[in-house]
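Dear colleague,

Please find below the structure that I am handing over to you. My notes on what was found in it follow directly after.

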Amino acid sequence: MKRVVTIQDISCLGKCSLTVALPIISVFGVETCVIPTAVLSTHTMFKNFTFRDLTCDMRPILKHWQDEKFEFNAIYTGYLGSFEQINLVKEYFAALKNDNCVTVVDPVMADNGKLYPGFTVDFAKEMATLCATADYIVPNLTEACIMLDKEYIEKGYSREYIKDILLSLANLGAKTAILTGVSFADGETGVMGYDSQTKEFFEYYHKRIDASYHGTGDIFSSTFVGALTKGYKVLDALKVACDYTAKCVEITVNNPNSVKYGVEFENAIPYLVKKLENE
Ligand code: PXL
């Protein structure tokens, strides 16, 4: 069985980070090991959340894993809370990455033109140095613009604007840069990527549902990592990730009783399983 390690927080309630990565990657028949970076009572959309930092466990866990000679097919990082954690993730990459292991960085820290609470531009610059070392990065447009010091344009941008951002992300050092939430037409959204080895752009779009929920980025990235680790080609993995994320949002929007803090990814799991069976 393929094995992934994912490094991000546990938001005890909130349907994001590890509580979505674990179930979703498992759907692909991929073992999911976790490095919890912090435990929060909820994600940071709520007021008065508790926060227990677990940075001090990260190096001892890595040391134990190295002693046991555990191997991984992917290292996937999401929400990280400090400069120190970014540097520890670099240690994980240096220690665990090999020819059978890819690194995927989702630089979770901003959306809709704004940094999430607690993040700074300096932190984003440090995150850019982690992106530089990764095989795949999956920022949204806001995160990419902040890391690159580029103007964020909400909508109505040109293909050249997106291509320039992708080339700049690849120039940082990331082998394949994938921008999420890219839209060139009303009612449509998707991803555009650039592979620095083949020098090719690629893209996939689907119907846009006008709703925004916490955790959809984590659902997308977890699905992408699960599919990629399972052996899907990059564009096929992105299509599954886009379609499943869109289905999660659709189900949530259509359920008047759904909670407001996250999407009903659980109710879309049968859709994902069926999709995988038909591939
Ligand atoms: O979904 C990203 C995420 C992960 N973890 C925490 C968050 C957020 C988004 O705000 O607050 C704690």
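T176 is in contact with D135, Y136, I137, Y194, D195 and F202, leaving aside its neighbours within four places in sequence. Please bear in mind that the model is predicted. T176 has its place in strand β9, and at 7% relative accessibility it counts as buried, because the limit for that class is under 20%.

One of the partners of T176 is I137, which belongs to strand β8, residues 136-137. I137 is buried as well, with a relative accessible area of 0%. Not counting residues up to four places away in sequence, I137 touches V105, C131, L169, A174, T176, A177 and I178. As a reference distance, the C-alpha atoms of I137 and L62 are separated by 22 Å, and these two residues lie 75 residues apart along the chain.

I turn next to helix α5, which spans residues 141-148. This helix is mostly covered, with eight of its eight residues buried. They are L141, T142, E143, A144, C145, I146, M147 and L148. The elements against which these buried residues pack are β6 (110-111), β7 (114-115), α4 (121-131), α6 (159-172) and β9 (176-182); T176, discussed above, is in the last of these strands.

Both ends of α5 deserve a remark. At the N-terminal end, N140 acts as a cap, with a side-chain oxygen 3.1 Å from the backbone nitrogen of T142. Just after the helix, D149 takes a positive phi of about 60°.

How do the axes of α5 and α6 cross, and how close do they come? They come within 11 Å and cross at roughly 60°, which makes α5 oblique to α6. The crossing in which α5 passes α6 is left-handed. On the α5 side the contact is made by L141, A144, C145, M147 and L148, and on the α6 side by Y161, I162, I165, S168, L169 and L172. By class, this contact has ten nonpolar residues, one polar residue and no charged residues. L169 of α6 is also among the residues that I137 touches.

A second pair of helices is α2 and α3, the latter covering residues 83-96. Their axes come within 10 Å and cross at roughly 5°; α2 and α3 are therefore roughly parallel to each other, since angles under 35 degrees count as such. From α2, the residues T55, M58, R59, I61, L62, W65 and Q66 meet E84, Q85, L88, V89, E91, Y92, A95 and L96 of α3. By class, the contact of α2 with α3 has nine nonpolar, three polar and three charged residues. L62, mentioned above for its distance from I137, is one of the α2 residues in this contact.

Finally, two residues other than glycine have a positive phi and may interest you when you inspect the loops. S17 has a phi of about 45° and is found in the loop between β1 (3-13) and α1 (18-27). K69 has a phi near 60° and has its place in the loop between α2 (55-68) and β4 (74-77). Are these residues buried or exposed? S17 is buried, with a relative accessible area of 1%, whereas K69 is exposed, with a relative accessible area of 67%.

With kind regards

Methods
Residues are numbered from 1 along each chain as its sequence is written. This is a predicted model: local features need pLDDT of at least 70, side-chain atom pairs count only at pLDDT 80 or more; totals for chains, interfaces and linings use all residues. Side-chain values use heavy atoms; hydrogens and water are left out. Buried means under 20% relative accessible area, exposed over 50%, partly exposed in between (1.4 Å probe, protein chains only). Helices (H or I, at least four residues) and strands (E, at least two) are DSSP runs, numbered from the N terminus. Contact means heavy atoms within 4.5 Å. A polar contact is a pair of N or O atoms within 3.5 Å; within protein, one must be able to donate a hydrogen and the other to accept it, and residues adjacent in sequence count only if both atoms are side-chain atoms. Axes are lines fitted to C-alpha atoms, for helices over the stretch in contact, and angles run from 0 to 180 degrees between N-to-C directions. Angles under 35 degrees count as roughly parallel, over 145 as roughly antiparallel, 65 to 115 as roughly perpendicular and the rest as oblique. A crossing is left-handed if the near helix is turned anticlockwise from the far one by less than a right angle, and right-handed if clockwise. Ala, Val, Leu, Ile, Met, Phe, Trp, Tyr, Cys and Pro count as nonpolar, Asp, Glu, Lys and Arg as charged, and the others, Gly among them, as polar.
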